[in-house]
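Here is a short round of questions and answers on how structural words are earned. Look at the structure, then test each word against its cut-off.

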Amino acid sequence: MLDVRPLTDTDRAWAARVEADSWSTPVVARLGELVDPTVLPGFVALLDGEPVGLASYAVRGDACELVTIRSLREGRGVGRALFDAVRGAAVDAGCTRLWLITTNDNLRALELFQRLGMDLVALHRDAVTAARRALKPSIPERGAHGIPIAHELELELRLRSSELPGLDSNQQPSG
């Protein structure tokens, strides 16, 4: 059975290992800066009690950034369950926008996020190339499919007013 629960302090060492294994170091380069997901709130996905996925996020104003999402068991619904948990946290925080950055080579993630209703809203041309040069030299030149990793893609999901606490479907959030 797949369960998702909030990340706790007792999960932090495991989460740091997952982040380091996923990103070569436990920091993420995006939009010209380094973000440390190990200090952010997040969720752990458990399959039969075993941790099989991790997501971290940051709420800033009325936007929630999905900073990292990692499934350790592909094809089992882990990514979707983590996404849904972060979406729920964004709604609970009153956010009107859930967004993320991924790289141009991340084909599985692009497929999943679009299937979940996210739209591609920006191409940050050569942003990964610049980050590799200035911030994080450990970013690989090519992805798993041999695709050169060069660009950041920004996706977003606009959260409908009917999902937000205290608003009915005819009201729009302020701001």
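Q: Which residue in β9 is the bridge partner of Leu 123?
A: The partner is Leu 153. Keep in mind that this is a predicted model.

Q: What makes β8 and β9 a pair?
A: Two strands pair if there are at least two bridges between them. Five bridges join β8 to β9 (residues 152–158). Five meets the cut-off, so the two strands count as a pair. They run antiparallel.

Q: What makes β1 and β8 edge strands?
A: Look at the order of the open sheet: β1-β4-β5-β6-β7-β9-β8. β1 (2–6) and β8 (119–124) each have a single partner strand. One side of each is therefore left without a neighbour in the sheet.

Q: Why is the pairing in the sheet called mixed?
A: Take β6 and its two pairings. With β5, β6 pairs in the antiparallel sense over eight bridges. With β7, β6 pairs in the parallel sense over three bridges. Both senses occur in the sheet, so its pairing is mixed.

Q: Which residues stand opposite Ala 63 in these two pairings?
A: Arg 60 stands opposite Ala 63 on the β5 side. Arg 97 in β7 stands opposite Ala 63 too.

Q: What lies between β5 and β6?
A: The two strands form a hairpin, with two residues between them. Gly 61 is in the turn and has a positive phi of about 65 degrees.

Q: How does the chain get from β6 to β7, and what is the hand of the crossover?
A: The chain crosses through α2, and this β-α-β crossover is right-handed.

Q: Which strands does helix α2 touch?
A: Helix α2 (residues 78–92) packs on the sheet and touches β1, β4, β5, β6, β7 and β9. Its direction makes about 160 degrees with that of β6.

Q: Why is Thr 102 called buried?
A: Buried means under 20% relative accessible area. Thr 102, in strand β7, has 6%. That value is under the cut-off, so Thr 102 is buried.

Q: How do you know that Thr 102 and Asn 106 make a polar contact?
A: The cut-off is a pair of N or O atoms within 3.5 Å. The side chains of Thr 102 and Asn 106 make their contact at 2.9 Å. The distance is within the cut-off, so it fits the term.

Q: Why is β6 described as largely enclosed?
A: Seven of its nine residues are buried, so β6 is largely enclosed by the rest of the structure.

Conventions:
Residues numbered from 1 in each chain as written. Predicted model: local features only at pLDDT ≥ 70, side-chain atom pairs only at ≥ 80, totals over all residues. Heavy atoms only, no water. Helix = DSSP H or I, 4+ residues; strand = E, 2+ residues; numbered from the N terminus. Contact = heavy atoms within 4.5 Å. Axes fitted to C-alpha atoms, helices over the stretch in contact; angles between N-to-C directions. Buried < 20%, exposed > 50% of the residue type's maximum accessible area, 1.4 Å probe, protein only. Polar contact = N/O pair within 3.5 Å; in protein donor to acceptor, adjacent residues only side chain to side chain. Right-handed = clockwise from strand over helix to strand, strands pointing away.
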